Amino acid sequence: PATIERAFEILCKRACEQLKQWSGQQNRDWALQMSLSKHVLRLQSWPEKLTHHLNANNINPRQIWLSINESDLITAGADIKDKLATLSAAGYVIVIDDYQGLLPSQAEISANSVDMLIYDARKLSENGRLQQTVADNARHFRLMIRNLQGKAERQEALEPGFRYGEGFVA
């Protein structure tokens, strides 16, 4: 745990410094996504370390997207979910990465303080049940799609309500 804790602190420090540099150069608000593993989530002081580095660099919490795998969120204990709720209330964006519909309703997703869902374009194209969740979830959450493979796929993704995209677009 000490190695994970130290690595997380270095990541927080560098991420916040980079975000501050980008914001100063471009004169606009950037957001940075940080993926939190189940190992980081189990650390007692990770929210305090993150908040310390945010404050030290004068970064708005809305500029940090805390990304958690859906299955890790489902199996997380009440203490972890309480930390996420506190961070969400402070303005951090809580993201389910690789959303697969394991949390089947908006109420269950919202109960976990989630602001954004990230879908994988490859999994979405193969899963009709998952495709059906997109339009409904777009009314309640910000949606991102990753692993886009071209302009046609990008256009298809924008139609049902994805606000953000990631991948190769020629």
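**View 1. The buried residues of helix H5 pack against helix H2 (38-41), helix H3 (46-56), strand S2 (64-69), helix H4 (70-75) and strand S3.** The model is predicted, so that local features are reported only at pLDDT of at least 70 and side-chain atom pairs only at pLDDT 80 or more, while totals for chains, interfaces and linings use all residues. Residues are numbered from 1 along each chain as its sequence is written, and side-chain values use heavy atoms, with hydrogens and water left out. Helices (H or I, at least four residues) and strands (E, at least two) are DSSP runs numbered from the N terminus, and contact means heavy atoms within 4.5 Å. Helix H5 covers residues 78-89, twelve in number, and its first and last C-alpha atoms are 16 Å apart, close to the expected 16 Å. The expected span is 1.5 Å times one less than the number of residues in the helix. Ile-80, Lys-83, Leu-84, Leu-87 and Ser-88 are the buried residues of H5; they occupy an arc of only 135° around the axis, and therefore lie on the same side of the helix. The arc is taken over the directions from the helix axis to the C-beta atoms. A residue is called buried under 20% relative accessible area, exposed over 50%, and partly exposed in between, with a 1.4 Å probe and protein chains only. The face of H5 turned away from the buried side bears the exposed residues Ala-78, Thr-86 and Ala-89. Just after H5, Gly-91 adopts a positive phi of about 115°.

**View 2. Strand S4 (residues 116-120) is mostly covered, with five of its five residues buried.** Which residues of S4 are buried on each side? Met-116, Ile-118 and Asp-120 are buried on one face, and Leu-117 and Tyr-119 on the other. Strand S3 (residues 93-97) runs parallel to S4 and is joined to it by two bridges; two strands are said to pair if DSSP finds at least two bridges between them. In this pairing, Val-95 is opposite Met-116. S4 also pairs in the parallel sense with strand S5 (residues 142-148), over five bridges. There, Arg-142 of S5 is the bridge partner of Met-116. Together with helix H6 (residues 106-111), S3 and S4 form a right-handed β-α-β unit. Right-handed means that, with the strands pointing away from the viewer, the path from the first strand over the helix to the second runs clockwise.

**View 3. Helix H8 (residues 128-138) has Leu-130, Thr-133, Val-134 and Asn-137 as buried residues.** Because these buried residues fall within an arc of 120° when seen down the axis of H8, they line one face of the helix. They pack against H6, S4, helix H7 (121-126) and S5.

**View 4. Gln-149 is located in the loop between S5 and helix H9 (151-158).** With a relative accessible area of 53%, Gln-149 is exposed. Its C-alpha atom is separated by 8.6 Å from that of Ala-121, although the two residues are 28 residues apart along the chain.

**View 5. Ser-67 has its place in strand S2.** Is this residue, with a relative accessible area of 2%, buried or exposed? Ser-67 is buried. Leaving aside residues up to four places away in sequence, Ser-67 touches Gln-33, Met-34, Ser-35, Leu-36, Val-95 and Asp-97.

**View 6. Asn-58 and Ser-113 are residues other than glycine with a positive phi.** Most residues other than glycine have a negative phi. Asn-58, with a phi of about 55°, is found in the loop between H3 and S2. It is exposed, at 71% relative accessibility. The phi of Ser-113 is near 65°, and this residue lies in the loop between H6 and S4. Ser-113 is buried, with a relative accessible area of 14%.

**View 7. Cys-12 and Cys-16 are not joined by a disulfide.** A disulfide is a covalent bond between the sulfur atoms of two cysteines, and is counted here as a pair of cysteine sulfur atoms within 2.5 Å. By this rule, the count is zero disulfides. The cysteine sulfur closest to that of Cys-12 belongs to Cys-16 and is 6.3 Å away, too far for a bond. Cys-12 is buried, with a relative accessible area of 0%. Cys-16 is likewise buried, with a relative accessible area of 0%.
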